Amino acid sequence: MTTPRRILVTSALLYANGPLHLGHLLESVQTDIWVRFQKLRGHECWYVGGDDTHGTPIMLKAQSEGVTPEQLITAVNVEHRRDLDDMLIAVDNYGSTHDAENEKICDEMYVRLRDAGHIARRTIRQAYDAEANMFLPDRYVKGTCPNCASPDQYGDSCEVCGATYSPAELKNPISVVSGTTPVERESEHYFFRLSDFESELKRWVTSGAVRSNVAHKLEEWFSQGLKDWDISRDAPYFGFEIPDAPGKFFYVWFDAPIGYLASFTQLCARAGLRFDDFFAADSDAELHHFIGKDILYFHTLFWPAVLLGAGKRRPTGVHAHGFVTVNGQKMSKSRGTFITARRYLDSFAPEYLRYYYAAKLGPGIDDLDLNLEEFTTRLNSDIVGKLVNIASRCAGFISRNAGGRLSEALPDPPLYAAFAQAGEPIAAAYEARDYATAVREIMALADRANQYIDQQKPWTLVKQADQADAVRGICTQGLNLFRVLMIYLKPVLPAMAEKAERFFGESPWLWQDAAQPRLGAEIKPYEALALRLDPKAVAALIEPVGDTTPAKTDLAATISIEDFARLDLRVAKILTAEFVEGSDKLLKLRVDLGEFGEREIFSGIRSAYDPATLVGRLTVVVANLEPRKMRFGTSAGMVLAAGAGGKDIFLLTPDAGAGPGMRIK
Ligand SMILES: [Zn+2]
């Protein structure tokens with residue numbers, strides 16, 4: 001028996017600027033399998049996550065869509081949760097870095113760092129877009145990497161060499177917002193003195209917190225010298241204002257990992273856990289972060305240093321993985337291989353992808369290729385052909401010929417013992433996040449189970465009246481081997497394992513349940529556990545390029561007539577329409593609502609309408625929508641239109657005879 005551990009696990013927060021895709025699913029699945037494995041082993045293990053919601057991209061995206069950043073991140077949060085649920089990701093708490101809990105912890109940690117002397121203030125010269133009237137955050141300046149000279153790199157880090165730097169260090173910079181060359185302006189910034197923590201970080205790296213190849217990368221960074229980290233950004237910015245610095249905001253990368261703590265406090269409140277048991281400097285609980293290899297610098301240098309500086313514990317492990325490629329190439333929208341979580345989940349069971357990922361996922365940072373042909377053959381061969389086949393071959397004989405009851409003893413105890421003894425090496429592979437090895441060993445056992453049934457031939461014996469007990473014994477043996485395999489695969493295939501638990505009439509399995517066979521018990525009627533994959537359906541995951549079929553959207557929930565009556569829809573006459581400087585989506589409309597006067601409305605229809613063609617026409621507006629302050633002015637209503645976007649936007653027009661101000665009901 002192992003001593004129960006207390007473990008807190010996170011996967012990287014998911015950026016709230018768009019839908020989840022196969023890459024996000026890899027990380028969520030990798031984390032979820034590890035968490036489920038720990039729980040199956042009887043450890044106290046918690047999994048927290050959430051959305052990363054701050055920064056300029058979110059702010060600008062909300063502006064271009066004519067919504068507030070809060071509205072944007074709330075809508076995305078709902079989608080992300082739904083995708084994760086449907087992928088069977090059992091996250092114990094899913095928060096958002098914009099939650100009040102996060103602001104509170106950010107403030108506390110900042111004050112601690114400041115009071116301990118780890119924050120420095122310096123005036124820097126920063127890129128400023130004189131046309132858009134804003135300081136340009138890192139990702140809004142592009143240029144040539146100062147370290148390796150790769151072109152077209154962002155202002156905060158280089159995707160080619162992994163260096164981090166400030167936008168001012170980029171060569172040949174341009175502003176992504178306006179396309180102009182940024183000018184430099186002075187601004188006072190707040191810096192976290194990373195070098196204060198150099199010796200402690202070096203000790204941490206050698207504590208086994210990261211794998212050797214990552215430790216090697218860190219050695220390189222140490223030898224280049226640790227630079228102070230700019231943790232402030234100037235307004236306009238979507239984030240938390242720094243408590244003692246009006247107009248200055250915490251940089252998104254400061255508050256994002258603190259979001260793990262905020263999400264955990266939400267879990268603590270609900271599950272009755274004590275925060276300090278996990279985060280006090282002397283905590284003996286484990287803390288594990290699962291991340292992509294692109295954010296190593298943040299999680300292996302800045303983050304442990306911020307925790308140390310704020311008087312908290314260090315992470316036990318930071319586990320990085322590679323990227324997902326599709327058919328050997330980087331996912332790409334133009335090739336149709338940018339597969340969203342929803343696109344996958346609309347067509348396939350979550351467990352197929354979970355299994356495929358697990359079967360290919362080692363502990364290192366190599367990229368993982370989703371080859372669609374291999375996906376089909378692997379699933380059909382391993383899950384349908386080998387694993388489920390064991391149960392489907394044996395269950396019928398027990399139900400039809402043995403009254404649905406397993407025999408009292410196994411005919412081949414040594415074979416069962418071999419399966420039970422394979423558990424520890426398989427567990428060691430899971431623990432080391434070497435899922436590929438775990439799956440390979442489990443599938444080797446599945447081959448042995450099928451060989452056993454092939455040799456015993458219950459379908460021949462069942463024709464001989466005196467062999468009924470033998471058939472029952474063989475099928476009891478086969479089903480028990482299947483049961484062991486399902487226990488070992490439960491972290492990867494949780495829903496199938498639950499069905500199998502019900503089939504055996506058992507309460508939820510723990511890992512140790514594999515040690516003893518299930519004998520003399522009644523089994524439930526067998527239901528199919530997995531269906532063959534159709535290669536054509538799998539190939540259709542790749543979206544044909546140039547496909548303009550509108551996205552399928554479900555009907556919204558039913559509303560009452562009272563709900564509808566709250567909407568005040570009015571006929572409006574467009575008086576003027578003009579382009580909005582700095583926005584490629586919006587038009588500024590002045591509309592006449594008859595007795596209710598004139599209004600200014602910003603509408604995201606620029607891609608489909610020439611302003612000149614709109615003047616004088618009648619349309620429909622939501623007249624009682626709360627006015628929205630946008631970067632370009634205040635929008636006092638919403639113009640109604642149908643269509644998927646781009647050129648496909650179709651404004652509503654009332655029939656002849658309608659006049660400005662008339663209510664639509
Ligand atoms: Zn570079």
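**Zinc site and helix packing in a predicted model**

The zinc ion is bound by the protein donors C145 (SG), C148 (SG), C158 (SG) and C161 (SG), at 2.2 to 2.4 Å; donors are N, O and S atoms within 2.8 Å of the metal (3.2 Å for Na, K and Ca), and water is not among the atoms, so sites may look incomplete. The model is predicted: local features need pLDDT of at least 70 and side-chain atom pairs count only at pLDDT 80 or more, while totals for chains, interfaces and linings use all residues. Residues are numbered from 1 along each chain as its sequence is written, and side-chain values use heavy atoms, with hydrogens and water left out.

The 4 donor atoms of the zinc ion subtend angles of 107 to 114°, and the site is tetrahedral (four donors with all angles between 85 and 135 degrees). The spacing of the donor residues in sequence is C-x2-C-x9-C-x2-C. C145 lies in the loop between β7 (141–144) and β8 (153–154), and C158, 13 residues apart from it, in the loop between β8 and β9 (171–175). Strands (E, at least two residues) and helices (H or I, at least four) are DSSP runs, numbered from the N terminus.

Helix α7 (residues 252–271) and helix α9 (residues 296–309) have axes that come within 11 Å and cross at roughly 75°; axes are lines fitted to C-alpha atoms, for helices over the stretch in contact, and angles run from 0 to 180 degrees between N-to-C directions. Helix α7 is therefore roughly perpendicular to α9 (65 to 115 degrees). Contact (heavy atoms within 4.5 Å) involves W253, F254, P257, I258, Y260 and L261 of α7 and F298, H299, W303 and V306 of α9.

The mean pLDDT of the protein chain is 93, with 98% of its residues at 70 or more; pLDDT is the predictor's confidence in each residue, from 0 to 100. Over residues 547–551 pLDDT stays under 50, and the model has 1 contact beyond four places in sequence for them.

Terms used: Angles under 35 degrees count as roughly parallel, over 145 as roughly antiparallel, 65 to 115 as roughly perpendicular and the rest as oblique. Four donors count as tetrahedral if all angles lie between 85 and 135 degrees; four count as square planar and six as octahedral if opposite donors are over 155 degrees apart and all others between 65 and 115; anything else is irregular.
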